[in-house]
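Colleague: Hi! I'm new to this one and would love a quick tour. Can you walk me through it?
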Amino acid sequence: MAALAGIYFELAISFSVAFIFGSVAALLALQFLGLLPGLIVAAVAGAYTWFNWGHPYVLLIMTLEILCVRLTMRRINNLVLSDAAFWLVIGGPLVAILYWKPLDLPLDSAVMIALKQSANGVMNASIATFIVVGLALSPIGRNHPKLGVSYTGVVFAVLMFLVTVVGAALIVLGSRDLFATERLKVSETLQLVLLLTREDLKQVIDGGSGGADLQSTLDRAAAKVDALIDSKTGVTVGILDPQGNLVAQHGTLRSFEQQTVDAGEGMQRWEPQGDMAELQRTAAGRFVKSLPLDIDGAPYVITAESAVAPMVAKLAQSSRNDMFALAVIMLFSTLLVQMLSMMTTRTIRNLAQLSSRVSQAISAGDQSPPTFPKSNIQEYEMLSTSLREMSAQIAHDFAVLSDLKDTLEKRVRLRTAQLKRLSQVASQTTNGVIITDVRGRIEWINDGLTRMTGFASDEVMGKRPASFLYGPKTDMETVAQLNAALALEQDFEAEILHYTRTGQEFWTEVSCSALHDYRGRVNGYMAVLTDVTELKESATKLERTLERLALALDAGHIGVWEWNIETDTTFWDDTVYDIFGVEPGTEINVDVWKNAVHVDDVSRNQQLLELALSPNDNVLEDEYRIHHKTRGERIVKSVSRVVFDDQKRPTRITGINFDVTEDRQTEIEIRELAEHTETVLNNIVDGIITIDLQGAILSFNTAAENIFGYREAEVLGRHFSVLLDGGNTEQLAALIQEYRGLSDADKRVAREIQGRRKSGADFPLEFAFAEIRRDGQKVFVGIARDITERKRIERMTKEFISTINHELRTPLTSIQGSLKLIDSGMIGALPDKVKKMVSVSLRNSDRLRKLIDDMLDIDRMISGKMRFNMARHPLEPLLEQVISDNQGFANSHGIALALTSDVPGVDILVDRDRFVQIMSNFISNAIKFSDPEGKVEVAVATTDDDVTVHIVDQGCGIPAALHEQIFEQFFRVDSSDSSSIGGTGLGLSIAKAMAEQMNGTVGLHSVVGEGSDFWIKLPL
């Protein structure tokens, strides 16, 4: 992680040059851990640069650096000198060659990179050496002998670190100062250009021209400024209106479309987007600066921009000079610092050699240790004097200490048992460790147990582990087994559920063993606790996953099989046996499989198997027919995978089988249904069009092609408005909006709109559509019907009705009045023959008038012009009036007309006249179709919600096949005497329409030879 962090976090030394510190970690690993760890750390850091920079050369250089430094340090025990030698002899030239040739960089750039990496490497070695020295001089170094360093090394590390840091700091400060200076020059240039251009623009605008021609005004002003200022960066000027639009420019403003101009901000920098190197992006950038400009009272903005490339070139050249200087400084400073450190520590080294001779002399029992020389260096003289006095005292004390040797050896033996115990603890420090006395009370715990449980050492000292580690879910049976083993002084291992200080559960694997003193007696126990919570959870998850897998296989009736190619053995689970209809437990071989598979499918499956055995195509998927002994022919799908060994030889095949017979049958049925549906859609007379939510046409059937004159290919993907009058796109949106606000019943009602054919002709169109889902997306299916012919017929009908109303009804009224006057005898007595003819004419005129009235009623119903004066009326008076009005007609036909049941005292909401008209129609029909001396009965039945009035006759009855047509216009029952019974065939259709307008329904129950029952049902 330290190596990756050193690569990721870089230090910018100068423009386009940054130092990375990944090799610091690699050098430290080499220093403390050895060659292999150092190479591993270098490889990790180098791999990151490979991934991030796109080439492996840093990985090669870093690993080679560690290897060469390790070899060099066998002779030169100085990390910085060894690293500097590597970069001078191998690293620097190798980097230059690699970046020049394979990466195809210019030679000067490759040399620049070599100098940079060499200086970077030496600096990293200095930092690593400084860290080593710092650790050696810290409290950590007192406990780690490997961190020991010489005084010469300390002086060298400090001086080298100071030289490299000071050198790098000076270059950084100089680079930043140069960058700030160059940026300030550009800013001042842009500011001057803006001020001069704005001043010139103001003079021209204030002179009376205003902002009429800003482009020419800007060009003239910019030309004057160009003559005054020689800008090598190529300044471009532009003017933006209050809305931010570019209204004039001198040159090309590259940054205009990608930034928001703020006249209140200082100089900004724009960089292009896209995939390019960072330095290339910076060089292609522009400096931008803006000032406010008042034109005719409107807040305009004048903007100037300058290329960054000239400054980048200057800074890059400065960086190359800095790198060369830094590399030279580091090269000479390494040699100079080494010489200074050797010179300044020479006396200390001499003193150390004398001290070593003193210790050897004292150890040998020499009472005359070597003499320490004098020196003019005060610190050296003080240390030399102290050593002289100390050596004399040590020589005297050595004899005394030797007498204490025997006593110390005894004490060492007493502590051997304790050291043995501590060595056992040290070997288990990664887990939780508890040491107890023979009674099970805690004497010591390690930090691992504290991290594991949250209990500190002082909280549990003297307690039994069970008092704070056990909880409600701890298995007491396991605890009893542990206690029994302790009682017998036996070692034991077990898994048990423990609890942390906060009550959190965790599983541990406990390994407990007895501790013995030097006499072999048990003097305590040591328990090692390993947290296995994650392992238990993983096992539980695996068990649940297997359960879900088994459930999925069972629910999907999926069988699993495996063929071991090496042993030629095959395994089938029970589901595979069931799929093939083979008795479970039957030994499976090729013959058993071939006997089950359809003979026509065996060879194809074997060919697929041969292909799957190739390492390039190891997946086998096939469907084949089998003969099940009870289910007949079935279709089985098999999916399997071939497993290969290290030599790419197939070892086994594992697969699944499942019965897809029903699925394939369903696919056939769906395909046939789709073909049937397509045939219907292509042959239906109505056009069917599918459109998406944006109005684009998705499908267009044959009928639609015939209606609109387009081929399907001509309209697919086009907006539906192409089929509408005027190509109005808003009309479709309005239809969809209206459709979504309708009830389910109203959504099924077609709407009349104006369509437009390919020829440009407009025509009336009846259009209905519904919202459906297709492929997860909402679409609309529209049904279009050309109603041109129907509209023509309706127009002719209206003209015919108008003709009837004006050309027939009026003269008929006059004729009928005259006939009634003649028939009444008011103009004189008529001969019998004439009177008979007048009566016939009068009856026929009544029939003609009724026909005209019925046709006018039908027209009013269709056009919606018939008015209904809805009000609540008592039912009984209405029925009495109807019976009274039709009593004379019944008497003339010899029919008894009567109300046969009690009428409930209810009110109905109806138009009085229309209700009487409906009832009169039903009664007159019943009278006309009844035999003489027959009866017509009026009966009433009620419920909590409605009332039904029945008109029952004893006539000839109506065949059941005609019940649905009886209420259609102009329909008459074709009977033997129908010609002798008057009627227009419109009365029942009018009655039905009127009843529906009053929220009622009409109906019929009739049996041939038994009579008919016409009824009307109205809500209460």
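Modeller: Happy to! Counting the elements, the protein chain has 32 helices and 29 strands. Keep in mind that this is a predicted model.

Colleague: Good to know. What share of the residues in the protein chain is buried?
Modeller: Of the 1020 residues in the protein chain, 38% are buried. As for the surface, the chain exposes about 58,200 Å², and carbon and sulfur atoms supply 55% of that area.

Colleague: And what percentage of the contacts with a separation of 6 or more link residues 24 or more positions apart?
Modeller: That comes to 55% of those contacts in the protein chain.

Colleague: Let's start at the beginning of the chain. How do the axes of helix 2 and helix 4 cross?
Modeller: Helix 2 covers residues 22-32 and helix 4 covers residues 57-72; their axes come within 11 Å and cross at roughly 35 degrees. The crossing is right-handed.

Colleague: Which residues meet there?
Modeller: Helix 2 brings Gly22, Ser23, Ala26, Leu27 and Leu30, and helix 4 brings Met62, Glu65, Ile66, Val69 and Arg70. By class, the residues of this contact are six nonpolar, two polar and two charged.

Colleague: Nice. Now for some strands. How do strand 3 and strand 4 pair?
Modeller: Strand 3 (residues 236-240) and strand 4 (residues 246-250) are antiparallel, with four bridges between them. Within that pairing, Gly238 stands opposite Gln249 of strand 4.

Colleague: How many residues sit between the strands in that hairpin?
Modeller: Five, and Gly244 in this hairpin takes a positive phi near 90 degrees.

Colleague: What about strand 8 and strand 9, how many bridges do they have?
Modeller: Three bridges, again in the antiparallel sense, between residues 432-436 of strand 8 and residues 442-445 of strand 9. Ile435 has Trp444 in strand 9 as its bridge partner. The two strands form a hairpin with five residues between them, and Gly440 in the turn has a positive phi of about 90 degrees.

Colleague: Changing topic, I clicked on Glu505. Where is Glu505 found?
Modeller: Glu505 lies in strand 11, which spans residues 505-516. With a relative accessible area of 35%, Glu505 is partly exposed, because that class runs between the 20% limit for buried and the 50% limit for exposed.

Colleague: Which residues is Glu505 in contact with, leaving aside neighbours within four places in sequence?
Modeller: Those are Lys473, Leu497, His498 and Tyr499. There is also a link to an earlier part of the chain: Leu469 is 36 residues from Glu505 in sequence, and their C-alpha atoms are 9.7 Å apart.

Colleague: Is there a sheet to look at? In what order do the strands of the five-strand open sheet come?
Modeller: The order is 19-18-22-21-20, with antiparallel pairing. Strand 19 (697-700) and strand 20 (751-756) are the edges; each has a single partner strand, so one side of each has no neighbour in the sheet. On average, neighbouring strands of this sheet are turned by 35 degrees against each other, direction ignored.

Colleague: How many bridges join strand 18 to strand 22?
Modeller: Six bridges connect strand 18 (residues 687-692) with strand 22 (residues 777-786), and the two run antiparallel. One bridge pair to find is Ile691 with Phe780 of strand 22.

Colleague: On to the later part of the chain. How do helix 31 and helix 32 cross?
Modeller: Their axes come within 10 Å and cross at roughly 145 degrees. This crossing is left-handed. Among the residues making the contact are Ile918 and Phe922 of helix 31 and Leu988 and Met994 of helix 32. The whole contact has seven nonpolar, four polar and one charged residues.

Colleague: I also noticed Glu933. Where is Glu933 found, and is Glu933 buried or exposed?
Modeller: Glu933 is in the loop between helix 31 (912-928) and strand 26 (935-942). Its relative accessible area is 71%, which makes Glu933 exposed. Its phi is positive, near 70 degrees, in a residue other than glycine.

Colleague: Last one: what is the phi of Asn999?
Modeller: About 65 degrees, a positive value although Asn999 is not a glycine. Asn999 is in the loop between helix 32 (987-997) and strand 28 (1001-1007), and Asn999 is exposed, with a relative accessible area of 59%.

Methods: Residues are numbered from 1 along each chain as its sequence is written. This is a predicted model: local features need pLDDT of at least 70, side-chain atom pairs count only at pLDDT 80 or more; totals for chains, interfaces and linings use all residues. Side-chain values use heavy atoms; hydrogens and water are left out. Axes are lines fitted to C-alpha atoms, for helices over the stretch in contact, and angles run from 0 to 180 degrees between N-to-C directions. A crossing is left-handed if the near helix is turned anticlockwise from the far one by less than a right angle, and right-handed if clockwise. Contact means heavy atoms within 4.5 Å. Ala, Val, Leu, Ile, Met, Phe, Trp, Tyr, Cys and Pro count as nonpolar, Asp, Glu, Lys and Arg as charged, and the others, Gly among them, as polar. Buried means under 20% relative accessible area, exposed over 50%, partly exposed in between (1.4 Å probe, protein chains only). Accessible areas come from the Shrake-Rupley method with a 1.4 Å probe; for residues, only the protein chains shown count as cover. Two strands pair if DSSP finds at least two bridges between them.
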